[in-house]
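Let's take a relaxed walk through a protein structure. Have a look at the picture below, then read on.

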Amino acid sequence: MGSKSYEEAIEALKKLMSEKGELKASAAAKVDQITAELKTASSDGKPSDASVERLKEGFIYFKREKYEKNPALYAELAKGQSPKYMIVACSDSRVCPSHVLDMQPGEAFVVRNVANMVPPYDQTRYSGIGAAVEYAVLHLKVQEIVVIGHSACGGIKGLMSFPYDGTTSTDFIEDWVKIGMPAKTKVLADNRGEPLGVQCTCCEKEAVNVSLGNLLSYPFVRTGLVNKTLALKGGYYDFIKGTFELWSLQFALSAPLSVKDVATILHWKLY
Amino acid sequence: MAWLIRSKARLLVSATRPLRAPVDSFHCSRFSDLTDHSVFSFPRKWLRSKARRLNDVDDNQSGSSSSPHINRRTTVSQLEVSSNSRVRVDLFDELKQRFLSFKEHKYFREELEHFQTLKEAQSPKFMVIACADSRVCPSTILGFRPGEAFMIRNVANLVPPFENGPSETNAALEFAVKTLEVENILIIGHSCCGGIQTLMSMRDDGDSSFIKSWVTTGTVAKLRTEAAANHLSFDQQCRLCEKESINRSLLNLLTYSWIEDRVRKGLLFVHGGYYDFLNCTFEKWTLDFKGSSGEEGARLLVKDQELWC
């Protein structure tokens, strides 16, 4: 077939159609199928090309509608960033803070990981998240750290489902979500006998509190809280109901201890 | 010492009672004693009128944000307690307005059907690894809608190799590739990256910090940049290192057997991207698996290079 030109092929097809009318329907269907394949196929027929083309459209839209229409803002951002917020959100594709909280470029330093976890201070194991918190607090001087959990979180479901009996079924996931173990323990104690779905919802919120507590183990976070240059908030986005809960961590000192005394005591308690 | 910190931190976390003497006068409130606890869920009519008022607020905000205040703020510790709580309430209120705007415009109106589907499950085609920098959210610059991209954001968009052991980045990689079965992984770097700058200016002076511990993942990129471009200015070297680091991370992806396997079979495609916000351009390239290797002396071959501007 490939040796003929396409004109010859069309002629042959026409002749076949006139001789065998009953083939018309199946031939038409075949032509439609081939046309569709040709439309989506790229030079080597990779399905990813359509996805990448989508990104190009997205970027061009951003450049035309946002970047070029706000030259002053983007010129300032090119010089540096001074976001007010640091947000820790889940990697889930449905919960990007740019959508849910309408964060514009320059407003929020955003860390995203499975189940929006903040592990306790550990420079060896968790340098990634530690680097982000350190950079946000010490260099960018953010005012708020907001940890946002969400409904139907796969990571939290994993935490609630994994047996943690010495066996593992994943390379890294079980180890990572184990950070939320205090939440699982509390939820199982308070919600014994409830269905898994209910337990997961409770755990999604409680794990946010575990992360907020873990943030307190970072000395620069504590200093910021004590100096009132930093505040911690927890959030919960329920995309099934369309609600957002927000709460703050109360961090109080009272006289007669001075700030220096409390910082020393905290240092003693945690090390 | 690390386990001590962890166990002590756990004590702190689970404490729903004030810390014992000698710190009686210092306490964290019980987590269940929620202060300033707001649930944002309002009837539609109210939302619509609020949305109209929000448009005015947005105009004001965009006006003021056209020249954002970048200089160092004066310390807020000098503020009175009452005015400080007023500032905090304002920031609270701000987040609330934003959520309600999202709910009104996107969740209910523009994309209701889309959101109904997402309630059941997510099936993103992309996994994106991007920097935590506030200026480079991929949802904004590439227009990802909810449900389209599973996203990791960390300092300097680094992917450590398999042999570095567990981290937040590879847990997310495992979830995306094995559970969600994404078809594409896209690592996006950007210009003026603070993490890369730290990497390039780091010296072995024994001074440890989290940032330094983390960005050493990119040391190979730094060495290659210095070897190839020592004659260039520091800024120019940083620009090159930003791109070299993406390529190193792309190769590090191949050190994960479940990624390499899928790439070899043509089930998964791996791409690099570079967002230059000085010129507003986006460069994109795809890993040519047949020409690359993940072992010692790894080399990278790319194809389908494009520059969008």
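## A spot in chain B

Start with B:Cys131, which you'll find in strand 3 (residues 126–131) of chain B. Keep in mind as you look around that this is a predicted model. B:Cys131 is buried, with just 5% relative accessible area, because anything under 20% counts as buried. Who does B:Cys131 touch, leaving aside its neighbours within four places in sequence? Its contacts include B:Val136, B:Arg153, B:Asn154, B:Ile188, B:His190 and B:Cys193.

Two of those names turn up again in a database record. An unreviewed UniProt entry lists B:Cys131, B:Asp133, B:His190 and B:Cys193 under "binding site". These residues span 63 residues in sequence, yet no two of their C-alpha atoms are more than 9.0 Å apart, so they gather at one spot.

Now for B:Asp133, another residue from that record. B:Asp133 sits in the loop between strand 3 and helix 5 (138–141) of chain B. Is B:Asp133 buried or exposed? At 2% relative accessibility, it counts as buried. The side chain of B:Asp133 reaches the backbone nitrogen of B:Arg135 at 2.8 Å. Setting aside neighbours within four places in sequence, B:Asp133 is also in contact with residues of chain A, namely A:Gln81 and A:Phe109. Within chain B, its contacts under that same condition are B:Arg153, B:His190 and B:Cys192.

## Salt bridges

Next up are the charged pairs. Over all chains, a search of the whole structure finds 22 salt bridges. Here are some of them, with the gap between the closest N and O atoms:

| Acidic residue | Basic residue | Closest N and O atoms |
|---|---|---|
| A:Asp175 | A:Arg125 | 2.5 Å |
| B:Glu244 | B:Arg224 | 2.9 Å |
| B:Asp261 | B:Arg264 | 3.6 Å |

Take the salt bridge between A:Asp175 and A:Arg125. A:Asp175 lies in helix 8 (residues 173–177) of chain A, while A:Arg125 is in the loop between strand 2 (108–113) and helix 6 (127–139), so the pair ties together parts that are 50 residues apart in sequence. Both partners are partly exposed: A:Asp175 has a relative accessible area of 22%, and A:Arg125 has 30%.

Over in chain B, B:Glu244 forms a salt bridge with B:Arg224. This pair links distant parts of the chain, with B:Glu244 in helix 10 (residues 234–253) and B:Arg224 in helix 9 (residues 219–229), 20 residues apart. B:Glu244 is buried at 17% relative accessible area, whereas B:Arg224 is partly exposed at 41%.

How many residues apart are B:Asp261 and B:Arg264? They are 3 residues apart in helix 11 (residues 257–264) of chain B, about one turn of the helix. B:Asp261 is partly exposed, with 27% relative accessible area, and B:Arg264 is partly exposed too, at 47%. This pair also belongs to a network of salt bridges that links B:Glu260, B:Asp261, B:Arg264 and B:Lys265.

## Stepping back to all of chain B

Finally, zoom out. Chain B has 11 helices and 8 strands, and 50% of its 309 residues count as buried. Among contacts in chain B with a separation of 6 or more, 65% come from residues 24 or more positions apart. On the outside, chain B exposes about 14800 Å², with carbon and sulfur atoms supplying 50% of that area.

Technical notes: Residues numbered from 1 in each chain as written. Chains lettered and ligands numbered in written order. Predicted model: local features only at pLDDT ≥ 70, side-chain atom pairs only at ≥ 80, totals over all residues. Heavy atoms only, no water. Helix = DSSP H or I, 4+ residues; strand = E, 2+ residues; numbered from the N terminus. Buried < 20%, exposed > 50% of the residue type's maximum accessible area, 1.4 Å probe, protein only. Contact = heavy atoms within 4.5 Å. Areas by Shrake-Rupley, 256 points an atom, 1.4 Å probe, with all protein chains shown as cover. Salt bridge = Lys/Arg side-chain N within 4 Å of Asp/Glu carboxyl O. UniProt positions renumbered as here; feature names shortened; annotations may be inferred. Polar contact = N/O pair within 3.5 Å; in protein donor to acceptor, adjacent residues only side chain to side chain.
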